[in-house]
Amino acid sequence: MTNTLPKNFLWGGAIAANQAEGAYLADGKGLDIASYCADGLRHGFELKPTEGKHYPYQEAIDFYHRYQEDLKLMQEMGFNVFRTSIAWARIFPLGDELEPNEAGLKFYDDLFDEMIARGMQPLITLSHYETPLHLVEKYGSWRSRELIGFFVRYCEVVFERYKHKVKLWMTFNEINNMRRIPGGAGGILLHEGESFWQTIYQASHHMFVASSLAMKRCHEIIPDAKIGSMFSLSNVYPATCKPDDVMSTVGVRRESLLFVDVMVRGKYPAYANRMFESKGVRLEILPGDEEIISAYTSDYIAFSYYRSTTHEHGLAQNADTGGETGKDNPYLETTPWGWQIDPVGLRYTLNELYDRYQVPLFIVENGLGTFDKVEEDGSIHDPYRISYLRDHLEQMKEAVKDGVDLMGYTYWGPMDIVSAGTAEMEKRYGFVYVDKDNEGNGTLKRIKKDSFDWYKKVIASNGEDLK
Ligand code: BGP
């Protein structure tokens, strides 16, 4: 049986510090935008806590203290890569200090050692919806150019510290979500009377420069490392074959692909001028910015794919943590959270991206968030998660047969974690159930679901055995 996937294909899972670690003030960690976020990043965050409110990310699933147990379970499934983020505010509690917090650096030293000891390469996100709160309060977050220097300093410290342990990096999680959830993606809280688009794209420009400078320093400090950029790229189809729907959908998709064009091709695309003009955006680009962006581009494209939606000309588009949200597609099933399940869409997206960029791709988020039930005997049957995964992996393999250069697949949320969009535990993704509910009640006990052994079998066969 000839393998579709290459022998060195990376199989694993992905989480984010803010959605799993908890310990939100432990060992000198500073506040970040998840600290006082009660309802999920779609609904923004507070700068000060509200009396009596439950903030789920403060404890999350206590991965900070339980990561040995969790990584042992990941090792049992045969993971050879594990994606998580470094919480910026563990390293620089305020974000604008000159010296890092040693206790924070030590935690990630121990975490990466544990991963490597259990056969997993760390795949590390430098900023996953985790901007330090002080940078929001004092500088207005990424609307200030000063954040470029703070971010590059943070990156240099962690590149230097972990250069022998971490060879796979990515900069900002789903940077294209600056257009839809700028609070989460870039710590942006809009000021009174401020132009939304001007602020969003100017902040994004600062992040483009910061990301390129981080890529430059990564290659200087860790010559054998790969560093990419990361995007939310669930897809959007025209609602009908009406030419207006088709053309308008190109525009919607370009709202996301603009970010990929800049960070992979190294310059603003030709259509950006008309897009910015239509939104009243006049970017302030300083001398040197464009040279930096074009000199230091992504080694690979990391992206999340959950679902697809459709767009009808003239209808407002929205988006959430899963990607664009338009009109429902009558041919697709829908989850209780309104996400439409589209495995062929993953093949379509992989081909779309590889045709456009011709750089290696990495699926760093894909998964099914839904309700799970613990039976009387403690078992958890999740055939729906197995079929979601089987269907998506089948299409992923078709894309590889189509010629796509794919580095790996990290399933989103291999153990239940707090959701980003709505701060829920009940929207469960995991192969491992975590005993905690939306109100924070529970023992945090971990319980394997049926899908645990299924994914283990898939990895052991390098994706051949999907029965
Ligand atoms: C992406 C984020 C992840 C993750 C995922 C699922 O936007 O990168 O942090 O949360 O979406 O979304 P949710 O947790 O809202 O179900």
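## Around the ligand, and three helix pairs

A polar side-chain atom of Glu174 sits 2.4 Å from an oxygen atom of the ligand. That is a good place to start in this predicted model. With the protein around it, the ligand is well wrapped: of the 370 Å² of accessible area that the ligand has on its own, the protein covers 99%.

Glu174 has company. The side chain of His128 places an N or O atom 2.9 Å from an oxygen atom of the ligand, and Asn173 likewise has a side-chain N or O atom 2.9 Å from a ligand oxygen.

Which residues come nearest to the ligand? Of the 15 residues around it, those are Gln19, Glu174, Thr321, Ala420 and Tyr429. So what is the shell made of, by class? It has six nonpolar, six polar and three charged residues. Glu174 is one of the charged ones, and this is the residue with the 2.4 Å approach to a ligand oxygen.

Now for the helices. Three pairs are worth a look, and here is how their axes sit:

| Helix pair | Axis separation | Crossing angle |
|---|---|---|
| α12 (residues 343-357) and α13 (residues 383-401) | within 8 Å | roughly 30° |
| α6 (residues 146-161) and α8 (residues 196-221) | 9 Å | about 25° |
| α4 (residues 102-117) and α6 | within 11 Å | roughly 45° |

Take α12 and α13 to begin with. Angles under 35 degrees count as roughly parallel, and the axes of α12 and α13 cross at roughly 30°, so these two helices are roughly parallel to each other. Their crossing is right-handed.

Helix α6 turns up in two of the table's rows, once with α8 and once with α4. With α8, the angle is about 25°, and α6 and α8 are therefore roughly parallel to each other. The crossing of α6 and α8 is right-handed.

What about α4 and α6: roughly parallel or oblique? The angle here is roughly 45°, which is not under 35 degrees, and so α4 and α6 are oblique to each other. As for the hand, α4 passes α6 in a right-handed crossing.

If you're browsing the structure, try Glu174, His128 and Asn173 for the ligand side: the Glu174 distance to a ligand oxygen is 2.4 Å, the His128 one is 2.9 Å, and the Asn173 one is 2.9 Å.

Key
Residues are numbered from 1 along each chain as its sequence is written. This is a predicted model: local features need pLDDT of at least 70, side-chain atom pairs count only at pLDDT 80 or more; totals for chains, interfaces and linings use all residues. Side-chain values use heavy atoms; hydrogens and water are left out. A residue is near a molecule or strand if one of its heavy atoms lies within 4 Å of it. A polar contact is a pair of N or O atoms within 3.5 Å; within protein, one must be able to donate a hydrogen and the other to accept it, and residues adjacent in sequence count only if both atoms are side-chain atoms. Accessible areas come from the Shrake-Rupley method with a 1.4 Å probe; for residues, only the protein chains shown count as cover. Axes are lines fitted to C-alpha atoms, for helices over the stretch in contact, and angles run from 0 to 180 degrees between N-to-C directions. Helices (H or I, at least four residues) and strands (E, at least two) are DSSP runs, numbered from the N terminus. Angles under 35 degrees count as roughly parallel, over 145 as roughly antiparallel, 65 to 115 as roughly perpendicular and the rest as oblique. A crossing is left-handed if the near helix is turned anticlockwise from the far one by less than a right angle, and right-handed if clockwise.
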